[in-house]
Amino acid sequence: MIMMIILLVVLRFVRGGMGDPVSWITTHLLMLPAILIGLSLHEFGHAIVSDKLGDPTPRNQGRVTINPIAHVDPMGLLCLIFAGFGWGIPVQVNPSYYKHRRRDEALVAIAGVTMNFIIALTSTIILKLIITFGSNSFLYSTIGDVVVDIFQYMISINVVLMVFNLLPIPPLDGFNLITQIFDLSKYSWYHALYSRGGLILMILILFGGTSFILSPAVNAIYGLFIKLLTL
């Protein structure tokens, strides 16, 4: 797994991922708020929904918070910056506390991507207000450019996190969701597939399989948010 991550980083830079170091650093500094907020609120979404459904585990582990320190995995953050994909610290839940187990597990699964959708939508609304009511002296200033870029990244990165996590591949939320909808855990192949999910996901990322699926969906959804800016 570590070797695959290293290979992904190397391939990204070989393909020109850091052609201009100054531009690369500047871009990623502007992306950092969106990354931290997107990862943190994604995991917070899982934690708060499980907590509301009666599971004390996330609260006992200090996960019912929006504090990035509780949710951001340093390795996952570095991978997101350098390899183009990453992860937060997974929220641990105990489904035995749920009253309607399959329904509640599905709600917990969808909670993370719902938070990413809310962040993207809220950022679009704020950016629309900035563009509509901001003065030209602000919008065409260096600070204005930075603010607009940050909110554009807030939209795009959260759309990517939302779509990526909806892929029906273990251990992503999309797979957990369809597991509850179709009760996949009753099949003999389920646990074998789930245990190898991380490896399958890495191979798909390495050979561009996820991009083949992600790009059209991300472009379509991002395009809808951008259209809201022109209304």
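**Packing, rings and a pocket in a predicted model**

Let me begin with serine 123, which, apart from neighbours within four places in sequence, is in contact with Phe151, Met154 and Ile155. I should say at once that this is a predicted model. Serine 123 sits in helix α6. Its relative accessibility is 3%, so serine 123 counts as buried, the limit being under 20%.

From there I turn to the nonpolar cores. The largest of them holds 24 residues. Those with the most contacts inside this core are Leu127, Val159, Val163, Phe164, Leu167, Leu201 and Leu214. The elements giving two or more residues to it are α6 (101-133), α8 (142-165), α11 (197-206) and α12 (209-230). Of these, α8 provides the largest share, with 7 residues. A second, separate core has 19 residues, among them Ala34, Ile35, Leu77 and Leu80.

Which residues does valine 159 touch, leaving aside its neighbours within four places in sequence? They are Ala120, Val218, Ile221, Tyr222 and Phe225. As general background, nonpolar side chains in soluble globular proteins tend to be buried together.

Threonine 210 deserves a word here. This residue lies in helix α12. Is threonine 210 buried or exposed? Its relative accessible area is 5%, and threonine 210 is therefore buried. Beyond the neighbours within four places in sequence, threonine 210 is in contact with Leu167, Leu201, Leu204 and Ile205. Two of these contacts, Leu167 and Leu201, are also listed among the residues with the most contacts inside the largest core.

My next topic is the aromatic rings. The model contains 5 aromatic pairs. One of them joins phenylalanine 175 and tyrosine 194, whose ring centres are 6.0 Å apart and whose planes meet at 45°, so the pair is tilted. Why does this pair tie together separate parts of the chain? Phenylalanine 175 belongs to helix α9 (residues 173-182) and tyrosine 194 to helix α10 (residues 190-195), so the parts it ties together are 19 residues apart in sequence. The two partners can also be described by their accessibility. Phenylalanine 175 is buried, at 3% relative accessible area, whereas tyrosine 194 is partly exposed, at 33%. Ring pairs further link Phe175, Tyr190 and Tyr194 into a cluster.

Let me stay with helix α9. Its buried residues are Asp173, Gly174, Phe175, Leu177, Thr179 and Gln180. What do the buried residues of α9 pack against? Their partners are α2, α6, α8 and α10. After α9 comes aspartate 183, whose phi is positive, near 50°.

Finally, I come to the largest pocket, which has a volume of about 970 Å³. Its lining comprises 33 residues, and those nearest its centre are Pro90, Pro171, Leu172, Asn176 and Tyr194. Tyrosine 194, the partner of phenylalanine 175 in the tilted pair, is thus named again in this lining. At least two lining residues come from each of α2 (21-52), α6, α8, α9, α10 and α11. How do the residues of the lining divide into nonpolar, polar and charged? The division is 20 nonpolar, 10 polar and 3 charged.

Definitions and conventions: Residues numbered from 1 in each chain as written. Predicted model: local features only at pLDDT ≥ 70, side-chain atom pairs only at ≥ 80, totals over all residues. Heavy atoms only, no water. Core = buried A, V, L, I, M, F, W, Y, C linked by side-chain atoms within 4.5 Å. Buried < 20%, exposed > 50% of the residue type's maximum accessible area, 1.4 Å probe, protein only. Helix = DSSP H or I, 4+ residues; strand = E, 2+ residues; numbered from the N terminus. Contact = heavy atoms within 4.5 Å. Phe/Tyr/Trp six-rings, centres within 6.5 Å; stacked < 30°, edge-to-face > 60°. 1 Å grid on protein atoms, 1.4 Å probe; cavity = no way out; pocket = protein on both sides within 12 Å on 5 of 7 lines; lining within 4 Å. Points joined across faces, edges and corners; volume = space filled by probe spheres on them. Nonpolar A, V, L, I, M, F, W, Y, C, P; charged D, E, K, R; others polar.
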